[in-house]
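Could you walk me through a sheet and a chain-to-chain contact, one feature at a time?

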Amino acid sequence: MFVRNLWQRLAAPIDPPLMTLATLLLSYALLVVSSASYDRIGAQLLNTLVALVVMRLVAQVPPQRLMYFALPVFVGGVLLLIAVALFGDISKGARRWLNLGFMRVQPSEIMKIAMPLMLAWYFQRHETFLRLREYVVAAILLLLPVVLIARQPDLGTALLVLAAGFYVIFLAGLSWKILIGLAVSAMAAAPLAWSMLHDYQRSRIMTLLDPEADPLGKGFHIIQSTIAIGSGGILGKGWGQGTQAQLEFIPERHTDFIFAVLSEEFGLLGNTLLLILYALLIGRGMMIAANAPTLFTRLLAGSITLIFFTYAFVNMGMVSGLLPVVGVPLPFISYGGTSLTTLFIGIGILMSIHKHRMLVQK
Amino acid sequence: MEFKNPEQEIVRFQRRLAVASGFVLVIFILLFARFFWLQVVQYSYYQTRAEDNRISLVPITPNRGLILDRNGVVMARNYSAYTLEITPARAGDLETVIDGLSRVIEIQPRDRKRFKKLLEESKNFESLPIRTRLTDEEVAKFIAHRYRFPGVDIKARLFRQYPYNESASHLLGYIGRINDRDLDRIEEKDAEPNYRGTEHFGKTGLEQKYEFELHGQTGFEKVEVDAGGRAVRVLSRVPPVSGNNLTLTVDFKLQEVAERAFGDRRGALVAIDPASGGILALVSVPGYDPNMFVEGIDPQNWDALNNSPDKPMVNRALNGTYPPGSTFKPYMALAALEIGKRTPQQTIFDPGFYSFGGHVFRDDKKGGHGTVDMYQSIVQSCDTYYYMLANDLGIDNIASFMRQFGFGQRTGVDLEGESEGVLPSQEWKRKHFKKPEQQRWFAGETISIGIGQGYNAYTPIQMAQAVATLANNGVMYRPHIVKSIADAKTGVAVSIEPKPLRTIPLKPQDIETIKQAMIGVNREGTGARAFAGAEYVSAGKTGTAQVYSLKGEKYTEGHVAEHMRDHALFIAFAPAEQPRIALAVVVENGGFGATAAAPIARQVLDYYLLGKLPKAPPPEAAAEDEGD
């Protein structure tokens, strides 16, 4: 009786469809990680457990409470980014980490959640009076951290944070005229942006266009991952049987390039299964957003859902040679605690919004 | 902006959501299309590339074919030994590495020098030997210290070995590490795939000529490798096919007898089976040890070989050109008979000299030979007879007759780099000299041609081919060294069938006249002393070729510097009635043919025909003037 009660209390904020999809994705991840890097299976189980606990904790926080966090988390995040720019550790040629003495944090990671939280909160506050001015302010709030991250330089994360903020602005209803105008001016500014890119960033884009130009150097990663995907065929080579993966032709095979391992060993069938799981997850997120009670929750749920989509698209696009190489893990599948926790905070928020959809309605 | 209606707001939000969902759907379809393209449409292309990635072909070098003499004596073979090899690209600072190695295993300065030379000549990524022929103890010592030397490995390899060292060195040649010139030859033959992993190439002699027979077919191991190029496992193996074995016409024992007969004198000997052109012995002394070249010769030995005044690296049998001296006389006599300028019975009177155009050509014998017919002219080697004959025949008749016997032309023996020699004629002089005043042939120049002097210059192998053709009654064969080539796998030997090059139209009675005179040489003439007591009938002719012209002075051997002394020559065949062996001997600066060259021929014939090994060292030339 007591046990049943406890279980009910524990499971109360959990959304069964989301939980089911998350469980399926996590199982898939364990399967692939164990093939890509068998030694890491224990660590990944632990990461998963931590992420689930965090998710459960977040899920029971009511959205109103989340609103309180929005401003302090965002301001804190921006301050940390400034601190990184001033005192950050340099690793692999970029200043991304802040050494707090007992641990190293990557403030740009915080921004992935803090940004939509902040903008959703901001739009909620000005709900009754959304004019162009509010959008301009929102754009400035968005661009400040994005520029800081881009200067680290970490263009990949900057674009993801930009996307997250943009989704909120888009869903908040910025008029199509302005959106189209922005798109046109972005295209016009492309040559200028190109000239502002770092050499390594430019070469990544050039590599995408013609990977065979430097097959043993810059093109190596993308050529090898494309070969892995293509040679997987329809049914794949089988678990642990991918020659590209097992003979170490795929770089970062348990993290950013894990999709190449999945593709090689499980083929088009495995890829399709992954696409379906993502589509269902995104669909569920969209439903939660559509039914959310307040502007804040609507914008937050919608943008989190689209962030999941963005990560999935950018990673799969990059590994299969459609997009330039940026450091984005495959959501729910790649090995690594930080990104998994971030993702499950998002899931937790979605669950919380769904659970509390009736309570906040007045 | 107007006041917001919450209902309208929600509809608008949901419309935006719908647009986003549509975008998501489009992107997912795009991704699926990309996967479909890669995994279904392009599948076989990427499948192949993945296989290429993981599979590496490792060549397995075949065993080089053996070289055997006609009786199966192995003259070139392979043996397995350990070498200590450094891969320069992986080893770091070479000096430090070698210093470190020298504390574990003995490394001589000459090893270092040789390594340096190899390094300069090497293609970039190969491993190069710093020490060869390690003992088991040395191998064990190194293995204990191996962890300290990355890029240094012990390798078990097959080495080429020439067990008889200097014997037959010019005949066999040697192999050495492949250089750029060898690579060009490999390219010409389109043999690059078959030479993957091969490090040696025939440089001279038979090793060079028959390189592509001896090399064999390279095998391959299909190995699965990881991205770092490390072999993970062997998938399949195509074994190499050993090179073909060469069986020679050469009788190695005979070769040794002939080489020993020279003692420490310089010279060449070529012995041929007249009925087939098969070379029985091909001697050029001094020789060199071909084993030194296999793993790269050290600069010290190389300089010693190259700077030696004895020129041990020159194959005198093919590249030494000598005036034939009196060994030319039997051919001159034959020409006279064939052209009709002399009969065998016709005599001349020899006062001891011959005057032509105000110039006196001296006979070797003071006071002359008196009345001399053709037989005596050969047996006693009368110069005056041939001065006159040369003048009667004229240079162009002599040249066109001699050309039939192969004088002044490459014989086409199966070795590279044969010299042509000089068969003098009016045309040759026109072509050979640049200044117009030198291009004219003077009748006086014909006179000394008659006794094998003047511009005459032939290789020992040409002389041997000529005497073999004479012994074989004008039927001429191309001299050859390889008798058959045996497939190492099936053991099937393909014989190289001797084919007559041509038959010189000669009257049988003329040949008989000349042969009888040559038999007379060894019975009662200039060769009689060397062939005293022989148990077979042999035919021969001595010769002494002037190296240095003594203006009117009497030539006395003891008074002339060694390198200006005359070359001693001898040609012979035996048994006279059914010749089985014909040979030409040249002893450089040996003095008289009768005393220096003929005894060598005697030892060779005795061994070949009777199996008799010489007992005493070669009889020393007694400086007794008995004509040549």
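The dialogue below takes the sheet and then the interface of this predicted model.

Q: How are the five strands of the open sheet in chain B ordered?
A: Happy to start there. Strands of a sheet pair through backbone hydrogen bonds, either parallel or antiparallel. Here the order is β12-β11-β23-β22-β21 in chain B, with antiparallel pairing. β12 (279-285) and β21 (539-545) of chain B each have a single partner strand, so one side of each lacks a neighbour in the sheet. From one strand to the next, the twist averages 5 degrees.

Q: Over how many bridges do β22 and β23 of chain B pair?
A: Strand β22 (residues 567-574) and strand β23 (residues 581-587) of chain B pair over seven bridges. For a spot to look at, find Phe570(B), which stands opposite Val585(B) in β23(B).

Q: Which strands of chain B does helix α22 lie across?
A: Helix α22 (residues 460-471) of chain B lies across β11 (267-272), β12, β22 and β23, at about 150 degrees to β23(B). Helix α23 (residues 508-524) of chain B lies across β21 and β22, running at about 75 degrees to β21(B).

Q: What area is buried between chain B and chain A?
A: The size of an interface is often given as the accessible area lost when the parts come together. For chain B and chain A that area is about 4000 Å², with 71% from carbon and sulfur atoms. Chain B brings 36 residues to the contact and chain A brings 52.

Q: Which element of chain B gives the most to the side that touches chain A?
A: That is α1(B), with 21 residues. This side of chain B divides into 22 nonpolar, five polar and nine charged residues. Between the two chains there are zero salt bridges.

Conventions. Residues are numbered from 1 along each chain as its sequence is written. Chains are lettered from A and ligands numbered from 1 in the order in which they are written. This is a predicted model: local features need pLDDT of at least 70, side-chain atom pairs count only at pLDDT 80 or more; totals for chains, interfaces and linings use all residues. Side-chain values use heavy atoms; hydrogens and water are left out. Two strands pair if DSSP finds at least two bridges between them. Helices (H or I, at least four residues) and strands (E, at least two) are DSSP runs, numbered from the N terminus. Axes are lines fitted to C-alpha atoms, for helices over the stretch in contact, and angles run from 0 to 180 degrees between N-to-C directions. Contact means heavy atoms within 4.5 Å. Buried area is the accessible area (1.4 Å probe) that two parts lose on being put together, summed over both. A salt bridge is a side-chain nitrogen of Lys or Arg within 4 Å of a carboxyl oxygen of Asp or Glu. Ala, Val, Leu, Ile, Met, Phe, Trp, Tyr, Cys and Pro count as nonpolar, Asp, Glu, Lys and Arg as charged, and the others, Gly among them, as polar.
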